Amino acid sequence: LVTNYHVIEDAYKIVCITSDEVSHDVELIYYYSDAMDLAVLVPKNNIDYTSLVYLESSKTEIEKGTQVYAIGSPLGIQNTLSEGIISGRHSTDGINAIQFTASISSGSSGGALLDEKGRVLGITYASYQDGQNLNLAIPIELLDQACPEWNNSMALSVESHYIEKHNYGRDIEFLNKLTSNSIKIVSVEDIKS
């Protein structure tokens with residue numbers, strides 16, 4: 001499963017929900033890059049869906065005006081599809097992003113930008129709030145560039161990623177030892193104190 005890093009950045013537990021409303025716990029962060037805002041996730045159980053084919057935009061000429069579709073969960077409304085066109089390329093933070101006009105909103109991050117044949121061109125990740133239809137996608141081929149040796153990737157369990165990023169390992173280990181009867185809802189500040 002491919003998404004944006006910023007979607008999972010502060011997560012302790014990650015769940016993906018399929019179009020048939022089935023929840024799947026994510027067991028492993030197979031790869032992540034804060035700089036490229038990409039993450040590859042592995043669910044605990046096999047999800048019986050056909051993978052999408054992707055098209056390397058750097059090796060294929062994607063012209064301005066090419067029809068594209070964005071699918072995501074803007075404002076939590078799952079599997080929303082919008083259409084637009086490629087409007088160009090936009091370099092930001094070292095990424096030669098795909099600029100497109102298909103509507104996206106908060107919650108669309110990590111969704112697929114597709115061509116007319118359903119091939120993935122990129123992962124939607126940003127839009128300009130002060131502009132009209134100024135949206136960006138990370139080219140999908142950055143996954144291959146970022147992690148060419150998939151067998152040697154930096155796989156982490158979801159919990160270890162949280163511990164590594166936030167360094168609350170001692171507190172999490174303590175909470176994991178509690179029984180379900182003794183758990184109460186606490187904030188991070190409560191844990192620290």
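In the predicted model, S33 is part of strand 3, which covers residues 23–33. The relative accessibility of S33 is 9%, and because buried means under 20%, this residue counts as buried. Leaving aside residues up to four places away in sequence, S33 is in contact with Y5 and L38.

Y5 also takes part in an aromatic pair. The structure contains one such pair, and its members are Y5 and Y32. A pair of aromatic rings is described by the distance of the centres and the angle of the planes. For Y5 and Y32, the centres are 5.6 Å apart and the planes make an angle of 20 degrees. The arrangement is stacked, because planes under 30 degrees apart count as such. Y5 belongs to helix 1 (residues 5–8) and Y32 to strand 3, so the pair ties together parts that are 27 residues apart in sequence. Both Y5 and Y32 are buried. Strand 3 thus holds Y32, a member of the aromatic pair, as well as S33, and Y5 is a partner of Y32 in the pair and a contact of S33.

The sheet architecture includes a closed barrel. Six strands make up this barrel in the order 5-6-7-10-9-8, and their pairing is antiparallel. On average, neighbouring strands of this sheet are turned by 45 degrees against each other, with direction ignored.

Individual pairings can be followed along the barrel. Strand 5, residues 67–72, is joined to strand 6, residues 80–92, by six bridges in the antiparallel sense. Within this pairing, V68 has G84 of strand 6 as its bridge partner. Strand 6 is also paired with strand 7 (residues 95–100), again antiparallel and over six bridges. Here I86 is matched with F100, a residue of strand 7. Strands 6 and 7 form a hairpin in which two residues lie between the strands. One residue of the turn, D93, has a positive phi of about 55 degrees.

Elsewhere in the barrel, strand 8 (residues 112–114) runs antiparallel to strand 9 (residues 120–127), and three bridges join these two strands. L114 has its bridge partner in strand 9, namely V120. Strand 8 and strand 9 stand next to each other in the barrel order, with strand 10 on the other side of strand 9.

Notes: Residues are numbered from 1 along each chain as its sequence is written. This is a predicted model: local features need pLDDT of at least 70, side-chain atom pairs count only at pLDDT 80 or more; totals for chains, interfaces and linings use all residues. Side-chain values use heavy atoms; hydrogens and water are left out. Helices (H or I, at least four residues) and strands (E, at least two) are DSSP runs, numbered from the N terminus. Buried means under 20% relative accessible area, exposed over 50%, partly exposed in between (1.4 Å probe, protein chains only). Contact means heavy atoms within 4.5 Å. Two strands pair if DSSP finds at least two bridges between them. Axes are lines fitted to C-alpha atoms, for helices over the stretch in contact, and angles run from 0 to 180 degrees between N-to-C directions. Rings of Phe, Tyr and Trp (its six-membered ring) pair if their centres lie within 6.5 Å; planes under 30 degrees apart count as stacked, over 60 as edge-to-face and the rest as tilted.
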